[in-house]
Amino acid sequence: MTTSPATDDGVAPPHSAAPPAQPWSELRLTLGEAADAAALVSWCVREYEDTEAPEFLVDATVIAHDLPKSIRTFIARARLDERPHALVLRGNLVDDELLGATPAHWRSALTPGSRPSSFLLALYACLFGDLFGWATQQDGRVVTDVLPIQGVEHSLVSSSSRQELGWHIEDAFSPYRADYVGLFSLRNPDRVATTLAGVPLDELDERTLDLLFQDRFLIRPDDSHLPVNNSTAQRGSPKFEEIARAVDHPDAVPILTGHRAAPQLRIDGDFSAPADGDEEAGAALETLRKRIDAALYEVVLDAGDVAFIDNRRVVHGRRAFQPRYDGRDRWLKRANITRDLYRSREVRASGDSRILGQR
Ligand SMILES: [Fe+2]
């Protein structure tokens with residue numbers, strides 16, 4: 001879907017019923033809109049320590065009311081639109097010099113130069129729902145970092161590089177997974193592509209669809225939730241016990257749920273399997289894999305582009321690339337967003353806690 005023409009007040013008219021020319025929806029910010037958003041962020045930078053501060057996370061929803069109207073309208077209109085796989089806001093300001101070098105590890109990525117981008121991602125996220133993080137991922141941060149890390153080039157986590165990051169629904173193993181995944185591209189000099197695909201409904205026969213709607217599949221946590229991918233000090237924590245249980249004894253779940261003609265999708269290409277000995281389910285899963293492989297397409301997020309992927313029905317991944325390790329590597333800020341934080345209350349310590357798995 002291309003950007004709709006703007007009206008006099010800078011607000012795009014409602015989407016027409018015409019089929020989308022591309023499966024995502026874009027808003028290219030004017031320089032004035034980008035500057036207004038940046039000014040709001042500068043205020044946040046002065047007022048709050050960082051995006052992890054509980055005071056900021058409480059206030060962010062109201063602060064986001066002061067974002068440019070065109071941005072708020074674009075996101076508000078998309079909330080009930082099932083056609084775009086993602087919303088992409090292009091043309092946000094990123095001062096490359098101020099940003100500084102791409103860190104060597106996510107642990108050292110809470111840099112002063114990247115604070116403005118984290119705040120902006122968080123404010124946009126608040127127009128979709130509530131931000132949250134995982135106690136078992138990147139030491140329990142709400143805004144996390146995607147950058148290549150030396151030594152894990154061929155791993156199955158987002159800090160891989162030489163190996164393609166296989167398509168997945170973010171945290172498909174969990175009933176509390178995000179409704180949207182936000183990605184803010186701070187730097188992407190080699191134009192490494194993000195991959196996306198929706199449910200290939202037209203390519204699935206009735207029998208395969210029937211099977212995918214049944215509790216016959218095991219979806220395990222991806223490796224980013226393992227103690228080895230968190231800081232050493234965190235590794236003995238009981239919060240990893242629930243992850244270990246989900247790895248060893250996953251419940252059988254359906255891959256598709258909801259409306260037959262517009263289902264929700266729950267799958268991770270690398271961490272999904274049929275229930276033990278279930279050959280029918282195995283065949284259905286294989287068929288779906290092939291169809292998603294065939295449907296996968298690329299979106300390049302350049303510096304200043306923010307994408308919100310609909311994690312309820314769209315898988316994402318990333319093409320393989322050659323890491324540089326020279327301070328100029330691809331770097332994105334990432335955020336999980338839920339439309340209803342209360343849904344995960346049983347795995348959060350308090351009503352206003354944003355961290356899942358920290359009871
Ligand atoms: Fe992901």
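# Briefing: an iron site, paired strands and a one-sided helix

Leaving aside neighbours within four places in sequence, Pro221 touches Phe173, Ile243, Ala246, Val247 and Phe271. The model is predicted. An iron ion is held by His168, Glu170 and His316. The points below start at Pro221 and its surroundings, then turn to the metal, the strands, Arg90 and two loop residues.

**Pro221 and helix H7**

- Pro221 sits in the loop between E8 and H7.
- Pro221 is buried, because its relative accessible area is 3% and the cut-off for buried is under 20%.
- Ala244 lies 23 residues from Pro221 in sequence. In space, the two C-alpha atoms are 8.7 Å apart.
- Helix H7 covers residues 239-248, and its buried residues are Lys239, Phe240, Ile243 and Ala246. These four span an arc of only 115° around the axis, which puts them on the same side of H7.
- Two of those buried residues, Ile243 and Ala246, are also contacts of Pro221.
- What does the other face of H7 carry? Turned away from the buried side are the exposed residues Glu241 and Asp248.

**The iron site**

- Three residues coordinate the iron ion: His168 through NE2, Glu170 through OE and His316 through NE2. The distances run from 2.0 to 2.2 Å.
- The spacing of the donor residues in sequence is H-x1-E-x145-H. His168 belongs to strand E5 (residues 165-168) and His316 to strand E15 (residues 314-318), so this pair ties together parts that are 148 residues apart in sequence.
- Are these two histidines buried or exposed? Both His168 and His316 are buried.

**Strand E7 and its partners**

- Strand E7 runs over residues 193-198, and 6 of its 6 residues are buried.
- Cover comes on both faces of E7. Ala193, Thr195 and Ala197 are buried on one side. Thr194, Leu196 and Gly198 are buried on the other.
- One antiparallel partner of E7 is strand E13 (residues 297-300), with 4 bridges between them. Within that pairing, Ala193 has Val300 as its bridge partner.
- E7 also runs antiparallel to E15, joined by 5 bridges. Here Gly198 is matched with Val314.
- E15 is thus a shared element: this strand holds the iron donor His316 and pairs with E7.

**The three-stranded sheet and helix H8**

- An open sheet of 3 strands follows the order E9-E8-E12, and the pairing is antiparallel.
- Which strands form its edges? They are E9 (252-253) and E12 (272-274), each pairing on one side only.
- Strand E8 (residues 217-219) is joined to E12 by 3 bridges. Phe217 stands opposite Pro274 of E12.
- Helix H8 (residues 279-295) lies across E8 and E12. Its angle to E12 is about 145°.

**Arg90**

- Arg90 is part of strand E2, residues 86-90.
- Is the arginine buried or exposed? Arg90 has a relative accessible area of 8%, which means it is buried, since the limit is under 20%.
- The side chains of Arg90 and Glu26 make a polar contact of 3.0 Å.
- Beyond four places in sequence, the contacts of Arg90 include Trp24, Glu26, Leu27, Arg28 and Leu29. Also among them are Val299, Val300, Leu301, Gly304 and Asp305.
- Val300 therefore appears twice: as a contact of Arg90 and as the bridge partner of Ala193, because DSSP bridges link E7 and E13.

**Two residues with positive phi**

- Most residues other than glycine have a negative phi. Two exceptions follow.
- Gln138 has a positive phi of about 45°. This residue lies in the loop between strand E3 (130-134) and strand E4 (143-146). With 6% relative accessibility, Gln138 counts as buried.
- Tyr325 has a positive phi near 60°. Its place is the loop between E15 and strand E16 (331-338). With 28% relative accessibility, Tyr325 counts as partly exposed.

How values were computed: Residues numbered from 1 in each chain as written. Predicted model: local features only at pLDDT ≥ 70, side-chain atom pairs only at ≥ 80, totals over all residues. Heavy atoms only, no water. Buried < 20%, exposed > 50% of the residue type's maximum accessible area, 1.4 Å probe, protein only. Arc of directions from axis to C-beta. Donors = N, O, S within 2.8 Å, 3.2 Å for Na, K, Ca; no water. Pairing = 2+ DSSP bridges. Contact = heavy atoms within 4.5 Å. Axes fitted to C-alpha atoms, helices over the stretch in contact; angles between N-to-C directions. Polar contact = N/O pair within 3.5 Å; in protein donor to acceptor, adjacent residues only side chain to side chain.
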